[in-house]
Amino acid sequence: MSDLAPFLEAAVRTTTPLLIASVGETVSERAGVINVGLEGCIIAGAYAAFVSATATPVTGYAAAILAGMSVGMLLALFAVVLRRDQIIVGTALTMLSLGITGTLFRARGDATALVVATESTAAIPLLSEIPIVGRALFAQPAIAYLAFGLVPATWWWLRRTHAGLSLRAVGDAPGAARAAGVRVELVQCSAILFGSALGGLAGGSLVLAQAGSFAEGMSAGRGFLAIAIVALGRWRPAGVAIASVVFGAAMALQFVVQALGWRVRYELVLMIPYVLTLIALGAFGRGSAPAMLGRARVD
Amino acid sequence: MIISLAAAGDVVGVLEAFWRGSLGTSSAFFSGTLVRAIPLSIVGVGIAIAFRAGVFNIGGEGQLLLGAVAATVVGLPWSHGLGVAGVAIALVASAVAGAAWAGIAAVLRARFGVLEVISTIMLNFIAANFVSYLVRGPLQEPTHVYPQTELISTSVRLPRLWAETRLHAGIVIAAAVAVGAWWFLTRTAAGFRIRAVGASTTASRVTGRVNVERVSAVALVASGALAGFAGGIEVTGVTYALYENLSPGYGFSAIAVAILARLHPLAICGTALLFATLETGALGMQRDAGVPSVVASALEALVILAVVAMTGRFVRIPWRTVRPRASDAGVAA
Amino acid sequence: MSSANGQLQLPALELRGVAKRFGDVTALDGVDFTVAAGSVHALVGENGAGKSTLMRIADGLLSPDAGTIRLFGNTITAHSVRQAMRVGVGMVHQHLSLAPNLSVTENLVLGESGFFRPGSAADLLRRTELASGLIVPHDALARDLSIVEQQRLEILKALARGARLLILDEPTAVLAPSEVEDLLRWIRDFAARGGSVVLVTHKLREARAVADEVTVLRHGRVVRVGSAATISEHELARAIFPENVEVQSAAATLASGKLEAPKQPRDLLVQADAVDVTDSRGARRIHDAVFEVRRHEIVGIAAVEGSGHRELLQALAALLPVSSGVLRLPERIGLIPADRYRDALVLEFTLVENVALHRLGTRHGLIPWRDLEDRTSGLLEHFDIVASSARARARELSGGNQQRLVVARELEHAHDLVVADNPTRGLDIRATAFVHGQLREAAARGAAVVVHSSDLDEILSLATRMLVVYHGEVREVALDRDKVGRAMLGAA
């Protein structure tokens, strides 16, 4: 039992970036755009947070969001304005981000030793004293609360605002949305920017709430996992939240294995989230994707 | 990049380092650049076949690693008795392993509708961790010091073409693969099916009576076979052992190689050489001028974006299937 | 018609000198078009005359290259759907434009801003239903509505935003005859209550039945404007197709269902015995179908959208397996699908490659490109297809020539069965005549031809026998417009 509490705490912590990125990707995909460059948004956000988190984590997060959005702007330009293939452009943007952050990071010289101030945890009095789940749920960095708060907020926004309605219509039937006066390109660009901003924020949280440092390729496929999570969650915020928690827990296993000194090869434990993705996609991945997802042409 | 160049200070020095690293000396060219172009070209042709069918195989990296594992397993010292056949067996095994690895994604796509973009990337991560596991676990060399396997026996190594360099017979194979793929795509019914499915799944199904899912799966598996094959060639021709960073991202660079060549197998030989030059030059810059070599991957991404921006939807590209004939002049109806 | 106060004297829509080009093609060339408030105005013309383009400009979806637009006295400068909506214009598009996975109420208010309150949207729906007399199911997704209900929802959507001018683009194309009557009656009522309607149609009878005024467009120009009461169907037909006397009389008499003398039926080519067909989602769309098709016959298939005829056609084309029963089909089947851009051609491929596409799935080994090129050149010549060469890309051909290529490819071999689904959609009158001629010739050569069109009059003019599909049931009906029309709605 004593191992369960730290595991849960770690699970919530590893869930946070996945959840933030997945919620953003949900919005983007509901508008019909799959952001394969999400991995690039995350690594760009992580690097931006790393270099600018000098004073407070807030500046780090702001920089992370801007970095994610700058990747998203390129995707919006190519995929929406120029109507190019979303997957190819997204793949290139991920390569570009990984390349640029790697180059800049190495150019900094002896950077491996650099550690930035991480966000302190904000424990909620009393609630965080609850045994086992107390610290996992109520003694997390502020970003974790934000991540979980995003889920109902996004649900509400998609269901109860006309902007959310328009967004869903654009992913479903852009011609119909256009005929009803919706500015399709504007909606898609906004959705991409929102999704990539959250991608950047997810990257920032990797640095500021978890690692406290930057490493090349530290996004480690989280962007791609997030895309899988969105499919597993059937493009609905609540489903996406559940899937994120499952994957966060799978990633947290590695810490448990280390802590317990189990005689399992570390490399095999690292595989778990990826293997889980394949199995889960095979078992549950067939849902109702937005009709126009990934299509370059919208009419 | 501009920042990194500025950080390096001396632009001329950087360019000199690039030149020395890639083309400037015969050893750089024959032992470095040309050798690097071999896997890039073979994987690139594989990627082109998949992309032609409209299947986005982003998993060349993982398929290449699995091919390398297979070739290593065949080539370890127990293969001493095999003689020349050993190379052939190792290469066939590598292609089969790559095909099987891509086959997982193909089955997931055909049976469960899983986007191959996601599944092939997941398989990349699994393959990388699997190789780490092998070279630190069951296949680690006998002294258990280094994270790598034993060297493969000399009989399963590809012959060097020119004694003073590291240039090996793989370059001939790579050229043959490109020509073969070109012939396959333009002349055979199976190749035309792949192009037709990539251009229009609906017209292929309705008018062509083509089994679209099967053609997509075949293209993905063939693509994986070539990537695995490239991994086998890398092990039998260059590294002679399996270790973690065996591939410096060939699977991703090959996407840029294929797209810049507009998915034309013969053009891929040229673009593979171009990107190999870029990468060995970048390594030279890192060695001699302190510019990080990952800059090459950013440049490759920019090349993809530039080509995509200029050519529109990249799958729809001119492809001459019928040779011009003299009698055609002025026949226009 | 009624003008209760001075405001209504202003025309609902006033277009002056409107011009629009798409690339090298002049779609509209200085069009003047006025719709009086409280009137129904029919806009007629053959396919490609510019009707839809003109109305999309009025609705703000397209901006004109030249000309002015006045709606209820307001000069429009911004050319946006929103602005058109604000001054009271609503358009119902030919291809209905609802978001299938949004609910009925969500579709009703799509495009507004601020918070979405399902309760008040439902209230709005009820109020609009009450005011208009059009009813739709409330708690459903748009994709679950029938075609008629979808069309009603589109009209409600426009009315809920206060539309006083409705633009209906070919609204009857997807409807069965009695549904058409209902819609036309509703249009009259709406105008009687002070509303204004533009009815875009190519059906002259409808135009004359419902409209106060008629405008004829040809090649992007207005060639005739007049009161519907004083202009005869024959005159209209001549205004629409002046070049071709033969076609003109055919168009004027299409409705009479004039037939060719039936050929002597010989061997059975298609035999369906207790056939069930299930669609890709597992729903049974055709049940217990019993019919046969013989050599030399042209069998028309009539049905309203969603009846299951699409699945029947796919089964006849061997694209969909039957789920029970026996469907005997000949080996060689030619298919002219409804959507040539999606199903019949690869626009980026050359004409040779498009010819090679035919039955590509059954080819083995090498492709004989040289033979194919010779064959393609032969087709171009024989079927009078205008193309620079066999190696031109399909994209470079005009729509009519693309369809000729499809027809040529599918009829080139002596097929035993030819399945044609809306084979003349989007074609001009000449290309239509060509396709009809080829289908008749194929039947004369000994093929069995099965043809479906959403234009009932087209099927009636081609068919030697008629099958009607209603709610998955297939039955034979006499070649009589009224009887077929009733059967399409399940009436006896």
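# Reading strands, helices and contacts

Tutor: In β18(C), M466(C) is the bridge partner of G300(C). This is a predicted model, in which local features need pLDDT of at least 70 and side-chain atom pairs count only at pLDDT 80 or more, while totals for chains, interfaces and linings use all residues. Residues are numbered from 1 along each chain as its sequence is written, and chains are lettered from A and ligands numbered from 1 in the order in which they are written.

Student: What makes β13(C) and β18 of chain C a pair, and over how many bridges?

Tutor: Strands are DSSP runs of E with at least two residues, helices are runs of H or I with at least four, and both are numbered from the N terminus. Two strands pair if DSSP finds at least two bridges between them. β13(C) and β18 (residues 465-470) of chain C are joined in the parallel sense over 4 bridges, so the condition of at least two is met. β13(C) also pairs with β17 (residues 448-452) of chain C, again in the parallel sense over 4 bridges, and there G300(C) stands opposite V451(C).

Student: How do you know whether β13 of chain C is enclosed or not?

Tutor: A residue is buried if 20 or more other C-beta atoms, placed from the backbone, lie within 10 Å of its own, exposed if 12 or fewer do, and partly exposed in between. For β13 (residues 298-302) of chain C, 5 of the 5 residues are buried, so the strand is largely enclosed by the rest of the structure. Both faces are covered, with I298(C), G300(C) and A302(C) buried on one side and V299(C) and I301(C) buried on the other.

Student: What class of exposure does R393(C) have, and why?

Tutor: R393(C), in the loop between α13 (369-382) and α14 (399-412) of chain C, has 18 other C-beta atoms within 10 Å and is therefore partly exposed. A contact requires that the C-beta atoms of two residues, placed from the backbone, lie within 7 Å. Not counting residues up to four places away in sequence, R393(C) touches L347(C), E348(C), F349(C) and T350(C).

Student: Which strands of the open sheet in chain C stand at the edges, and why?

Tutor: The open sheet has 3 strands in the order β12-β11-β14 (chain C), with antiparallel pairing. β12 (284-294) and β14 (322-328) of chain C each have a single partner strand, so one side of each is left without a neighbour in the sheet, and these are the edges. β11 (residues 268-278) of chain C pairs with β14(C) over 5 bridges in the antiparallel sense, A272(C) having L327(C) as its bridge partner.

Student: Where does α10 of chain C lie, and at what angle to β11(C) does it run?

Tutor: Axes are lines fitted to C-alpha atoms, for helices over the stretch in contact, and angles run from 0 to 180 degrees between N-to-C directions. α10 (residues 309-316) of chain C lies across β11, β12 and β14 of chain C and runs at about 130° to β11(C). For α10(C), 8 of the 8 residues are buried, so this helix is largely enclosed by the rest of the structure.

Student: Why are α10(A) and α6(B) described as they are, and by which word?

Tutor: Angles under 35 degrees count as roughly parallel, over 145 as roughly antiparallel, 65 to 115 as roughly perpendicular and the rest as oblique. α10 (residues 222-232) of chain A and α6 (residues 116-136) of chain B pack at about 135°, with their axes 10 Å apart. α10(A) and α6(B) are therefore oblique to each other. The contact is made by F224(A), I227(A) and A228(A) of α10(A) with I118(B), I121(B) and M122(B) of α6(B).

Student: What is α6(A) in relation to α11(A), and why?

Tutor: The axes of α6 (residues 142-160) and α11 (residues 237-260) of chain A come within 9 Å and cross at roughly 160°. This angle makes α6(A) roughly antiparallel to α11(A). In the contact, V151(A), T154(A) and W155(A) of α6(A) meet P237(A), A238(A) and A241(A) of α11(A).
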